[in-house]
Each structure stands twice: as structure tokens, then as C-alpha cells.
Amino acid sequence: MSLLDYFKSTKPKSASVAKERLQILIAHERSARNQPSYLPELQKELLAVVKKYVDVDQDAISVHLEQDVDQETLELNIVLPEESVKKP
Amino acid sequence: MARIIVVTSGKGGVGKTTTSAAIAMGLAKKGHKTAVIDFDVGLRNLDLIMGCERRVVYDFVNVINEEATLNQALIKDKRCNQLYILPASQTRDKDALTKEGVGKVLEELSKDFKYIVCDSPAGIERGANLAMYFADDAFVVTNPEVASVRDSDRMLGILSSKSRRAEQGDEPIKEYLLLTRYSPARVKLGEMLSVDDVQDILSLHLLGVIPESQSVLNASNSGIPVILDEQSDAGQAYSDIVARYLGEDRPHRFIEEEKKGLFGKLFRSK
Ligand SMILES: Nc1ncnc2c1ncn2[C@@H]1O[C@H](COP(=O)(O)OP(=O)(O)O)[C@@H](O)[C@H]1O
Ligand SMILES: [Mg+2]
């Protein structure tokens with residue numbers, strides 16, 4: 001391997017790192033942007049309901065809206081604790 | 001009816017005012033009666049870039065508050081009789097702008113002008129929101145740099161949800177990408193995002209690329225919109241942009257590094 005190859009192959013160029021980071025970030029920000037404004041409220045109320053039965057963390061619930069051409073899906077994710085502690 | 005163009009970016013210092021001055025002058029020089037408005041209330045700068053800072057008497061806020069008429073406040077450019085500048089107020093803050101006030105001024109201008117160019121302040125607060133609210137077209141000024149690209153995307157979200165066109169369910173604002181302060185040499189070295197990279201990320205229609213150029217500083221030093229420096233790369237890039245916006249077909253330039261050898265000079269087309 002020549003010295004030139006060595007320099008060529010070391011780390012990815014900073015521009016491609018930038019592009020990759022931006023693509024991930026912007027995809028994420030766009031999907032958050034397109035969500036209806038009631039989602040955070042919905043998430044809060046759902047959490048309150050679940051908390052009545054299971055002792056889950058504040059961030060245990062994620063609500064996500066997928067928009068397709070012909071349908072919208074509301075995706076609800078609840079992570080239960082290791083041992084679901086039922087409240088008395 | 002005028003066509004309202006907002007020059008926007010989210011991020012500051014990317015070249016909005018430089019661009020507003022250049023394209024307003026370019027449109028006016030093509031024979032279209034054009035007004036360029038500084039929305040950066042409290043931080044007025046367009047007057048300096050246009051070279052009319054000593055002729056400011058009344059400003060945008062005076063007109064909104066009916067302390068002056070539009071005709072009193074508009075400054076006629078000395079180089080091109082189709083171009084008028086409406087300066088921002090220097091002593092007020094952005095809250096002096098109201099939606100009704102801005103709407104009224106734009107409506108009055110629309111009767112008489114062909115193009116109205118709105119030079120947006122940075123940020124996403126009142127000044128920036130009002131600059132884009134009434135727009136028909138948006139020139140999204142972006143530098144090939146992470147923070148600028150991200151802020152541009154944020155601005156695109158605002159254009160498509162908070163503008164008058166969005167609120168009234170009209171045809172959406174036409175969005176164009178202007179990639180400025182571009183260094184082909186650094187792109188080649190892999191140190192700067194390329195035009196293709198930025199387009200992959202933002203998926204916008206590319207109106208043109210403006211190279212990083214000493215001529216921009218020279219132009220602002222002397223208060224002459226860079227588009228009037230016809231020898232300069234940046235001036236030519238802005239002329240191309242105006243022509244493309246008006247529907248002319250011009251191949252993109254300043255994307256590749258310029259070859260400075262004798263052959264390059266001999267065979268360079270005009
Ligand atoms: N193509 C360019 N090449 C070199 N410098 C530029 C270029 N475009 C803008 N600048 C410089 O960048 C700075 C910010 O430009 P400005 O137009 O005031 O940005 P904004 O209005 O977005 O804050 C100024 O000093 C200007 O001279
Ligand atoms: Mg500015």
C-alpha cells in the first residue's frame with residue numbers, strides 16, 4: 001500500500017459524514033413536523049391511563065403517525081418495566 | 001399583480017441580503033418594475049448593500065404606522081429607474097411589524113410593481129414569519145454547511161404550513177434553492193457538501209450556485225449590488241439566476257473548479 005493510498009483510505013471525508021448526519025436528522029425532523037398537533041397531548045393522556053395499571057416510566061410511551069398515500073397508521077409503543085408492577 | 005419573492009434561510013449570515021440586492025437589481029435591469037423591502041427591523045443593512053444609506057428618510061415601519069406614505073418612503077435607485085428600495089426601521093424592533101400592516105403595504109405595492117423582493121431577517125420569529133407569509137415564491141438561500149442546510153429545511157416546513165397560501169389552501173409557495181458561498185475546490189477535496197449532496201437532502205429545484213467570491217465583499221464595500229459587477233463570477237451567477245427565474249434556459253456554472261491554464265482561457269466560451 002502506497003503512502004497515497006494510506007491517506008486516501010483512512011477516514012471518510014468530512015463532507016460525506018456531514019451528508020449522512022443531515023439525512024438522518026432531517027428525516028427525523030420532517031416526520032416530527034408532519035405529525036398532527038394533538039399527538040403530544042394524546043401521548044400524555046395515554047401515559048396517565050397506562051400509569052393507573054402499570055408503573056411505567058415517563059418516556060415509556062411513544063406515539064407515531066405513519067402517513068401513506070391511502071392510509072394513516074397510528075403506532076403506539078409502550079415499553080413495560082421488567083416486572084410489571086400492578087398497582088394495588 | 002406583483003409576484004412576491006421572499007429571500008429566506010433561517011440561519012443568519014448566509015447571503016440573504018446580498019442575494020436580495022442582486023436579484024432585485026437583476027429583475028429591474030430586465031425591465032421589470034421591482035421593489036425590494038428590508039424586513040430586518042432594528043438591523044437594517046439592505047440600504048448599505050444597495051448604496052442608498054444616506055438617502056433614507058422614512059422607513060417600512062413609518063409606512064405601516066401611517067407616519068409616511070409609501071411614495072415618501074420608497075427610495076428610487078440611481079442606477080436603474082425600475083428599482084425601488086423600502087428600508088427597514090433602525091430604531092424599532094421586529095414587533096413593530098404587524099400582519100395587517102405588512103399586508104396593506106404589499107397590497108399597495110402590488111398595484112404598481114411587477115416583483116416585490118422581501119429580504120428576510122434570520123431566525124423564525126416575527127420579522128422572518130412576516131417576510132415569508134405573503135410570498136408567492138421563496139428563494140431559500142443555503143450554504144453548503146450542516147447548520148445552514150438544517151435551518152433551510154426548517155424554513156421549508158414553515159413555508160408549507162404557516163404562509164398565507166398554506167392557510168388559505170391555495171397552490172403552495174414555489175420553493176427554489178440558491179446555494180451560495182460555494183467552493184468547488186473544497187468540494188473536490190471532500191471538505192464541503194456538494195450541490196448534489198444538498199439537493200439529495202433538501203430535494204428542491206436548484207435555481208443556481210453562487211461561488212464564494214471576493215467580489216461580494218468588494219461590492220458591499222462600495223454599495224453596489226454584486227450583479228452589476230459583470231466581470232465577477234458571483235455577479236454572473238446572480239445574472240444566471242435571474243434569467244432562469246424568468247424562464248430562460250441557462251446551464252449551471254461555477255459548480256466545477258475553474259481551469260486557469262492558457263488553454264482554459266483560449267477556449268473559454270463567452
Ligand atoms: N458568495 C459570497 N462570497 C463571499 N462572501 C459572501 C458571499 N455571499 C455573502 N457573503 C458575505 O457573507 C456575509 C453575510 O452576507 P449577508 O448577505 O449579509 O447575509 P444574511 O443577509 O443572510 O445575513 C457578508 O459579509 C457577505 O459579504
Ligand atoms: Mg440580511
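How many nonpolar, polar and charged residues does the shell around ligand 1 have? In this predicted model, the shell is made up, by class, of four nonpolar residues, six polar ones and three charged ones. Among the 13 residues around ligand 1, those that come nearest are B:G13, B:K16, B:T17, B:T18 and B:S213.

To place this shell within the fold of chain B, one can turn to the elements that supply it. Two elements of chain B, α1 (16–29) and β8 (205–211), each contribute at least two residues to the shell around ligand 1, and the largest share, three residues, is that of α1(B). The space that ligand 1 takes up is the second largest pocket.

The contacts of the ligand with individual residues can be followed atom by atom. A polar backbone atom of B:V14 lies 3.2 Å from an oxygen atom of ligand 1, and a polar backbone atom of B:G15 is 3.0 Å from an oxygen atom of the ligand. With B:R181 the side chain takes part, since an N or O atom in it is 2.9 Å from an oxygen atom of ligand 1. On its own, ligand 1 has 560 Å² of accessible area, and the protein covers 77% of that area.

Beyond the ligand, the structure as a whole has 21 salt bridges, counted over all chains. One of these is formed by the side chains of B:D153 and A:R33, with a distance of 2.7 Å from N to O. This pair joins two chains, because B:D153 lies in helix α7 (residues 146–162) of chain B, whereas A:R33 lies in helix α2 (residues 14–33) of chain A.

Methods. Residues numbered from 1 in each chain as written. Chains lettered and ligands numbered in written order. Predicted model: local features only at pLDDT ≥ 70, side-chain atom pairs only at ≥ 80, totals over all residues. Heavy atoms only, no water. Near = heavy atom within 4 Å. Polar contact = N/O pair within 3.5 Å; in protein donor to acceptor, adjacent residues only side chain to side chain. Areas by Shrake-Rupley, 256 points an atom, 1.4 Å probe, with all protein chains shown as cover. 1 Å grid on protein atoms, 1.4 Å probe; cavity = no way out; pocket = protein on both sides within 12 Å on 5 of 7 lines; lining within 4 Å. Sits in = over half its atoms within 2 Å of the grid points. Helix = DSSP H or I, 4+ residues; strand = E, 2+ residues; numbered from the N terminus. Nonpolar A, V, L, I, M, F, W, Y, C, P; charged D, E, K, R; others polar. Salt bridge = Lys/Arg side-chain N within 4 Å of Asp/Glu carboxyl O.
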